[in-house]
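Hi everyone, thanks for making time. I'd like to walk you through a structure that's new to most of us, so let's get it up on the screen.

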Amino acid sequence: MPSPLGVGIDPYLEPRFWRNFHETFIPYARGALMPQLPDRYWATVEERVTVEAIIVPPEKVKKIYPDVFVVEQIAGLTSGTATAIATIPAAVTTEPEIDEFVIVQMMEVPETVLHIVDLSGNRVVTVIELLNPTNKVSPGREVYREKQQAILQSETNLVEIDLLKGGEHTVALPFDVAQGLRPYYGLVTVWRYARKHFEVYPFPLGKRLPRIAIPLLPEDKDVMLDIQAVFDRCYDDAAFVRVIDYTQPPPVPLTEEERQWVAERLTAAQEKSAGQ
């Protein structure tokens with residue numbers, strides 16, 4: 001079933017359902033691109049690791065007795081994780097009085113990215129990113145930006161699809177340039193390394209998500225990615241309408257105009273459903 005909002009992005013996916021959406025979007029985007037690619041190219045889904053800061057709920061924190069430094073391993077957490085170091089007074093003989101503190105756990109989180117590879121030269125020519133919420137807040141933002149800068153300094157095209165309302169400005173397009181394009185809900189940017197320029201697709205809430213040109217090597221023609229078509233397939237196949245509570249306000253901050261549009265679309269969808 002499609003989103004009751006109809007066309008464009010659905011703010012209710014963010015942030016709770018976004019990772020599930022993301023893990024579907026990348027392989028579906030590959031499926032859309034592969035039939036268009038010349039034989040010398042191959043689109044491959046790659047996995048990498050980013051970092052996410054998670055506040056551990058108090059009920060999961062075991063009772064800690066004083067030592068000089070304590071690193072707490074919380075039961076049930078996967079390997080490859082680490083927790084913040086809490087500085088605690090040296091050991092005493094009586095029951096200690098310790099102020100309340102918060103454990104912030106730094107977790108390694110896998111995420112997928114799409115690479116277009118030139119088989120004849122055995123190198124990546126285009127990287128396609130769908131941003132996650134963790135890419136737009138610290139510490140994951142710093143990890144993402146480091147990888148982003150490495151791509152910009154190479155002979156690689158970079159496509160960044162930011163459909164998220166929340167978080168900081170993270171795409172490679174300079175912040176002041178992006179501000180000059182407002183108002184918009186999200187941005188899609190295409191960096192062409194051969195021309196040293198950005199192609200930018202800003203879009204408001206309620207507008208069809210863009211069709212974008214995906215660059216390959218300079219001597220080859222672009223291929224097209226219809227982001228709305230991929231979005232619709234992801235939403236329909238996962239049946240997000242079953243798990244999203246559209247009776248609640250949108251989970252991300254919207255402008256008054258955006259809130260009004262959402263309310264009107266949901267009312268229209270409800271009336272249509274009641275009339276069937």
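Okay, let's start inside. The largest nonpolar core has 63 residues, and F25 and I161 are the ones that touch the most other members. Which element gives this core its largest share? That's helix α1, residues 18-33, with seven residues. And keep in mind that what you're looking at is a predicted model.

Let's stay with I161 for a moment. If we skip its neighbours within four places in sequence, I161 is in contact with F25. So we've got a contact between the two residues I just named. I161 also contacts I128, E129, L130 and L131, then L187 and V188, and finally L225 and I227.

Next stop, T156. You'll find T156 in the loop between α2, which runs 140-152, and β7, which is 157-162. Is T156 buried or exposed? T156 is buried, because its relative accessible area is 10%, and the cut-off for buried is under 20%. The side chain of T156 makes a polar contact with the side chain of S154, at 2.9 Å. Again leaving out neighbours within four places in sequence, the contacts of T156 are V124, V125, T126 and V127, plus I151, W191 and Y193.

Last, let's go out to the surface. Which residues form a nonpolar patch there? They're M34, W42 and L119, and together they have about 280 Å² of accessible area. W42 sits in strand β1, residues 41-55. W42 counts as partly exposed because its relative accessible area is 43%, and partly exposed covers the range between 20% and 50%.

That's my tour, thanks for listening!

Terms used
Residues numbered from 1 in each chain as written. Predicted model: local features only at pLDDT ≥ 70, side-chain atom pairs only at ≥ 80, totals over all residues. Heavy atoms only, no water. Helix = DSSP H or I, 4+ residues; strand = E, 2+ residues; numbered from the N terminus. Buried < 20%, exposed > 50% of the residue type's maximum accessible area, 1.4 Å probe, protein only. Polar contact = N/O pair within 3.5 Å; in protein donor to acceptor, adjacent residues only side chain to side chain. Contact = heavy atoms within 4.5 Å. Patch = residues over 30% accessible without salt bridge, like charges linked within 9 Å, V, L, I, M, F, W, Y side chains within 5 Å. Areas by Shrake-Rupley, 256 points an atom, 1.4 Å probe, with all protein chains shown as cover. Salt bridge = Lys/Arg side-chain N within 4 Å of Asp/Glu carboxyl O. Core = buried A, V, L, I, M, F, W, Y, C linked by side-chain atoms within 4.5 Å.
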